[in-house]
Amino acid sequence: MKNEYWGIVIDRSLRDDQILGNLNVIAKRQVGTWGFVLVSIGSDMLAATLAMLQDNMIDIHDDCWYAHFFLDPELIIVYQDRVFAVTVDRSTWTEPIEYGIAHGIPMKQLDFHPRTVMDARSFFNATGT
């Protein structure tokens, strides 16, 4: 699975969650009213997938959400109208965190977790992926 990005999409962030059928869904987890979806995409499909997600995310002026994708050490944070390419190192997150806070996301939700394959497997209890 070299060059496979793993991503976290929250189903409530989408106007139409049927687009998840266009992605390789690895696992799902429900936490309260939020449905977390773990997906994988090849690096060759990254740009098209991010554009598809952005086109289907709730308008940022209505409610701000993000999805994020990772391929160590890269971390890509996708808001409805912006994409930030940083690393898994927290010291690189200043701009996407400030952007999220400015659009009403609480700081505690801007942890971009999980952001490694090991963290994702643990969070989704997906040992066989």
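Visitor: What makes Ser40 one of the residues that Glu4 touches?
Guide: Contact means heavy atoms within 4.5 Å. Not counting residues up to four places away in sequence, Glu4 touches Ser40, Ile41, Gly42, Phe70 and Leu71. The structure is a predicted model, in which local features need pLDDT of at least 70, side-chain atom pairs count only at pLDDT 80 or more, and totals for chains, interfaces and linings use all residues. Residues are numbered from 1 along each chain as its sequence is written, and side-chain values use heavy atoms, with hydrogens and water left out.

Visitor: Why is Glu4 called partly exposed?
Guide: Buried means under 20% relative accessible area and exposed means over 50%, with partly exposed in between (1.4 Å probe, protein chains only). Glu4 has 23% relative accessibility, so Glu4 counts as partly exposed. This residue is found in strand E1. Gln80 is 76 residues from Glu4 in sequence, and their C-alpha atoms are 22 Å apart.

Visitor: Which helices and strands does the protein have, and in what order do they run?
Guide: Helices (H or I, at least four residues) and strands (E, at least two) are DSSP runs, numbered from the N terminus. The protein has three helices and six strands. From the N terminus, the order is β-β-β-α-β-β-β-α-α.

Visitor: How do you know how compact the protein is?
Guide: The radius of gyration is taken over C-alpha atoms, and the globule rule is 2.2 Å times the number of residues to the power 0.38. For 129 residues the rule gives 14 Å, and the radius of gyration of the protein is 14 Å, so the protein is as compact as a globular protein of that length. Along the principal axes, the C-alpha atoms fill a box of roughly 40 × 35 × 30 Å. Of the contacts with a separation of 6 or more, 54% are between residues 24 or more positions apart.

Visitor: What part of the protein is buried?
Guide: Buried residues make up 45% of the 129 residues. One of them is Trp6, whose relative accessible area is 4%, and which has its place in strand E1.

Visitor: What makes E3 a largely enclosed strand?
Guide: Eight of the nine residues of strand E3 (residues 34-42) are buried, so E3 is largely enclosed by the rest of the structure.

Visitor: How do you know which strands pair with E3?
Guide: Two strands pair if DSSP finds at least two bridges between them. Strand E1 (residues 4-10) is antiparallel to E3 and is joined to it by seven bridges. One of these places Tyr5 with its bridge partner Ile41. Strand E2 (residues 24-31) also pairs with E3 in the antiparallel sense, over seven bridges, and Ala27 stands opposite Leu38. The hairpin of E2 and E3 has two residues between the strands, and Gly32 takes a positive phi near 65° there.

Visitor: Why is Asn56 counted as buried?
Guide: Its relative accessibility is 17%, and the cut-off is under 20%, so Asn56 counts as buried. Asn56 belongs to helix H1 (residues 46-56). Apart from neighbours within four places in sequence, Asn56 is in contact with Ser13, Leu14, Arg15, Asp16 and Ile19.

Visitor: Which elements cover the buried residues of H1?
Guide: The cover includes E1, E3, E4, E5 and strand E6 (83-87). Among the buried residues of H1 are Leu46, Leu50 and Leu53.

Visitor: What makes Phe112 worth pointing out?
Guide: Most residues other than glycine have a negative phi, and most peptide bonds are trans. Phe112 has a positive phi, near 50°. Phe112 lies in the loop between H2 and H3 and is buried at 0% relative accessibility.

Visitor: Where are the cis peptide bonds of Pro73 and Pro114?
Guide: One joins Asp72 and Pro73, with omega about 10°. Pro73 sits in the loop between strand E4 (66-71) and strand E5 (74-79). The bond from His113 to Pro114 is also cis, with omega near -5°, and Pro114 is in the loop between helix H2 (94-102) and helix H3 (117-124).

Visitor: How many side chains are counted as positive and how many as negative?
Guide: Lys and Arg count as positive and Asp and Glu as negative, while His and the chain ends are not counted. The place of a charge is NZ of Lys, CZ of Arg, CG of Asp or CD of Glu. There are 10 positive and 17 negative side chains, and the centres of the two sets lie 7 Å apart.
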